[in-house]
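Q: Please examine the structure shown here and explain the terms used to describe its parts.

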Amino acid sequence: MLEMKEVVVQYESGADPAVRDLTLSFEQGEFVCVLGRSGAGKSTFIRTINGLQPQTSGQITVLGCELKKMSQKKQRSMRREIGMIFQHFHLIPRLTVEQNVFTGRFGHKPAWKNFLGLFSDEEKSLTDYYLNEVGLLEYKNRRVERLSGGQKQRVGIARAMVQRPSILLGDEPVASLDPTTADYIFQILRQLHEEKELLTVINVHDIELARKYATRIIGLKQGHLVFDGSPGQLSDHHLKQIYE
Ligand SMILES: Nc1ncnc2c1ncn2[C@@H]1O[C@H](COP(=O)(O)OP(=O)(O)OP(=O)(O)O)[C@@H](O)[C@H]1O
Ligand SMILES: [Mg+2]
C-alpha cells in the first residue's frame with residue numbers, strides 16, 4: 001500500500017539528511033506509531049509520505065504509483081487518499097465545526113463550489129456521520145474557537161475522514177493534550193482505523209500510547225530506522241537505542 005525504498009530527505013545540500021536511507025513497506029490495516037527523539041526526523045518522514053516534503057533520493061510508492069513520477073493531477077487525486085491530522089489542529093477558528101469539516105472535501109470538487117460553500121446532501125450526511133463518530137454532532141454549529149483542545153482535534157479527525165482517505169497520517173496529534181484526552185483521541189483513531197480498514201501512521205512522543213494502540217512501532221534516530229516491530233517486541237534495550 002505504501003512503500004519506501006532507500007528514501008533520503010535533505011533540507012539543504014551539505015546538511016545532514018533528516019531521513020536517511022529508509023526502506024519500509026506498510027500494508028492496509030496497520031496502525032503504525034513512529035517514535036524518536038526531537039529532531040529524529042519523524043515530522044519529515046510523515047511530510048514526505050504525503051508529498052508535502054520532496055524526497056532528495058529514493059522511491060516512494062503510494063497505492064501502486066510512484067510519488068515522484070506522478071503528474072500534478074495524479075498528485076492531487078493521491079492527496080485525497082491521504083488524510084492528515086496535526087498537533088496544532090490547523091483549523092479555521094472563526095468557522096463552525098461543520099464548516100471546518102467541510103474543508104476536508106475541498107480536494108474533491110472545483111474551487112468555485114468550495115468558494116460558494118456548495119456542498120451536496122451526501123457531503124452533509126458524511127459530515128454528520130463523522131461528527132457523530134467523534135462525538136461532536138451536537139457541536140456542529142459551534143465556532144471552533146469555542147472548543148477545547150481535545151474537541152478541536154476531534155474536528156481535525158472528522159475533517160480528515162470526510163476525505164474518505166485510505167491512509168491516515170498524524171504528526172504528533174496528541175502532543176498538546178492532557179494524557180486522558182490523548183488516550184481518548186487514540187481510542188477514536190483506533191476505532192475509525194478498524195471500521196474503515198485504513199493504514200494509519202502517527203508520530204507520538206508517548207511510548208505508552210504507542211504500546212497500547214499500535215500494531216507496529218517504528219523507531220527513528222537521526223533519520224535512521226533503528227526499530228521496526230510489534231509493541232511486544234519493543235524492549236527497554238530498543239527504547240534505549242531510540243532515545244539515547
Ligand atoms: N524546514 C526545515 N529546514 C531545514 N531543516 C529542517 C527543517 N525541518 C526540519 N529540519 C531538520 O531536520 C531534522 C529532523 O527534523 P524533524 O522536524 O523531522 O524532527 P522530529 O522528529 O519531527 O522532531 P520533533 O519531535 O521535535 O518534532 C532536524 O535536524 C531538523 O533541524
Ligand atoms: Mg516533529
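Q: What makes helix α1 largely enclosed by the rest of the structure?
A: In this predicted model, 6 of the 8 residues of α1, which spans residues 42-49, are buried, so the helix is largely enclosed by its surroundings. The buried residues are K42, T44, F45, I46, T48 and I49. Buried here means a relative accessible area under 20%. Just after α1, G51 adopts a positive phi of about 80°.

Q: Why is Q151 called buried?
A: The relative accessibility of Q151 is 13%, and the cut-off for a buried residue is under 20%. Q151 therefore counts as buried. The residue belongs to helix α6, residues 149-161.

Q: Which residues does Q151 touch, and which backbone atom does its side chain reach?
A: Leaving out residues up to four places away in sequence, Q151 touches L136 and Y139. Its side chain also reaches the backbone nitrogen of S148, at 2.9 Å. That distance can be set against the limit for a polar contact, which is within 3.5 Å.

Q: Why is α6 described as roughly parallel to α7?
A: Helices α6 and α7 (the latter residues 179-196) pack at an angle of about 15°, and their axes are 10 Å apart. Angles under 35 degrees count as roughly parallel, and α6 is therefore roughly parallel to α7. The crossing of α6 past α7 is right-handed.

Q: Which residues make the contact of α6 with α7, and how do they divide by class?
A: From α6 the contact involves G150, Q153, R154, I157 and M161; from α7 it involves T181, Y184, I185, I188, L189, L192 and K196. By class, the contact has 7 nonpolar, 3 polar and 2 charged residues.

Q: What makes α5 and α7 oblique to each other?
A: Helix α5, residues 121-133, packs with α7 at an angle of about 135°, with the axes 11 Å apart. Angles count as roughly antiparallel over 145 degrees and as roughly perpendicular from 65 to 115. An angle of about 135° falls in neither range, and the two helices are therefore oblique. The contact is formed by Y129, Y130 and E133 of α5 with L192, E195 and K196 of α7. Its residues comprise 3 nonpolar, no polar and 3 charged.

Q: Is H90 buried, exposed or partly exposed, and why?
A: H90 has a relative accessibility of 48%. Exposed requires over 50%, and buried requires under 20%, so H90 counts as partly exposed. The residue is found in the loop between β6 (82-86) and α3 (97-102).

Q: What is stated about the phi angles of H90 and D21?
A: H90 has a positive phi of about 55° although it is not a glycine. D21, likewise not a glycine, has a positive phi of about 50°. D21 is found in strand β2, residues 19-26.

Q: Why does E66 count as buried, and where is it placed?
A: E66 has a relative accessible area of 17%, to be set against the limit of under 20%; E66 is therefore buried. Its place is in strand β5, residues 65-66.

Q: Which residues is E66 in contact with, and what separates its C-alpha atom from that of M4?
A: Neighbours within four places in sequence aside, E66 is in contact with Q59, I60 and T61. The C-alpha atoms of E66 and M4 are separated by 9.7 Å, and the two residues are 62 residues apart along the chain.

Methods. Residues numbered from 1 in each chain as written. Chains lettered and ligands numbered in written order. Predicted model: local features only at pLDDT ≥ 70, side-chain atom pairs only at ≥ 80, totals over all residues. Heavy atoms only, no water. Helix = DSSP H or I, 4+ residues; strand = E, 2+ residues; numbered from the N terminus. Buried < 20%, exposed > 50% of the residue type's maximum accessible area, 1.4 Å probe, protein only. Polar contact = N/O pair within 3.5 Å; in protein donor to acceptor, adjacent residues only side chain to side chain. Contact = heavy atoms within 4.5 Å. Axes fitted to C-alpha atoms, helices over the stretch in contact; angles between N-to-C directions. Left-handed = near helix turned anticlockwise from the far one by under 90°. Nonpolar A, V, L, I, M, F, W, Y, C, P; charged D, E, K, R; others polar.
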